[in-house]
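Student: I am new to this structure, and I would like a close look at one helix and what surrounds it. Please walk me through it step by step, and explain the terms as you go.

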Amino acid sequence: KSKSGLLFCCREHKDLAQRIESGDKFQSIRPEHYDNGANYREKALRNYKNECSICHWDEDVDCLEVHHIDENRQNNELSNLMILCPLCHKKLTTHKYYIKNGQIFHN
């Protein structure tokens, strides 16, 4: 049932191949929001302080996530990206919370 024609021994190896670090060989199976290889996560981490923009958590940079402010994964402009910890990111993406003036509020 492979749409790309590429076959993998397991889901874990397919997921590893989809990562940007796997190179151009697997470009055809990457999700569209990867912006044809442009890594918005790296862009955000390179340009912003490596901590959650809301709670300032910074214990492990590998756990930090990048949020698209307008929720459009195709819009990878730096001004549309913000670094969040997993908990703050979940609060925003479930629409139980919102951001105003750099602070998070419950809906």
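Tutor: We will start with the whole chain, turn to the last helix, and then visit some other places along the chain.

This is a predicted model, in which local features need pLDDT of at least 70 and side-chain atom pairs count only at pLDDT 80 or more, while totals for chains, interfaces and linings use all residues. Residues are numbered from 1 along each chain as its sequence is written, and side-chain values use heavy atoms, with hydrogens and water left out.

The chain contains three helices and four strands; these are DSSP runs numbered from the N terminus, with helices being H or I of at least four residues and strands being E of at least two. In sequence order the pattern is α-α-β-β-α-β-β. Of the 107 residues in the chain, 25% are buried. Here buried means under 20% relative accessible area, exposed means over 50%, and partly exposed lies in between, with a 1.4 Å probe and protein chains only. The chain exposes about 7700 Å², of which carbon and sulfur atoms supply 48%; such areas come from the Shrake-Rupley method with a 1.4 Å probe, and for residues only the protein chains shown count as cover.

Now to α3, which spans residues 86-93. Its buried residues are Cys-88, His-89 and Leu-92. Viewed down the axis of α3, they fall within an arc of 100°, so they line one face of the helix. That arc is taken from the directions that run from the helix axis to the C-beta atoms. On the other side of α3 you will find Leu-87 and Lys-90, which are exposed. What do the buried residues of α3 pack against? Their partners are β1, β2, β3 (97-100) and β4 (103-106), where contact means heavy atoms within 4.5 Å.

His-89 is a good residue to zoom in on. It belongs to α3, and its relative accessible area is 15%, so His-89 counts as buried. Setting aside neighbours within four places in sequence, His-89 touches Glu-65, Val-66, His-67 and Leu-84. With Glu-65, the side chain of His-89 makes a side-chain to side-chain polar contact of 2.5 Å. A polar contact is a pair of N or O atoms within 3.5 Å; within protein, one must be able to donate a hydrogen and the other to accept it, and residues adjacent in sequence count only if both atoms are side-chain atoms. Leu-64 lies 25 residues from His-89 along the chain, and the C-alpha atoms of the two are 9.2 Å apart.

Just after α3 comes His-95, in the loop between α3 and β3. His-95 is not a glycine, yet its phi is positive, about 60°. This residue is partly exposed, with a relative accessible area of 46%.

Following the chain onward, β3 and β4 form a hairpin with two residues between them. The two strands run antiparallel and are joined by four bridges; strands pair if DSSP finds at least two bridges between them. Across the pair, Ile-99 stands opposite Ile-104 in β4. In the turn, Asn-101 has a positive phi of about 55°.

The strands β1 (65-68) and β2 (81-84) also meet another helix, α2, whose buried residues pack against both. In α2 (residues 40-47), the buried residues are Tyr-40, Ala-44 and Leu-45. Down the axis of α2 they fall within an arc of 130°, so they too line one face of the helix. At the start of α2, a side-chain oxygen of Asn-39 comes to within 3.0 Å of the backbone nitrogen of Arg-41.

Between β1 and β2 lies a loop that holds Asn-76. Asn-76 is buried at 6% relative accessible area, and its side chain makes a polar contact with that of His-68 (2.7 Å). The loop also holds Glu-71, which has a positive phi of about 65° although it is not a glycine.

One last pair: the side chains of Glu-51 and Lys-49 form a salt bridge at 3.8 Å, N to O. A salt bridge is a side-chain nitrogen of Lys or Arg within 4 Å of a carboxyl oxygen of Asp or Glu, and by this rule the count is one. Glu-51 is buried at 14% relative accessibility, whereas Lys-49 is exposed at 61%.
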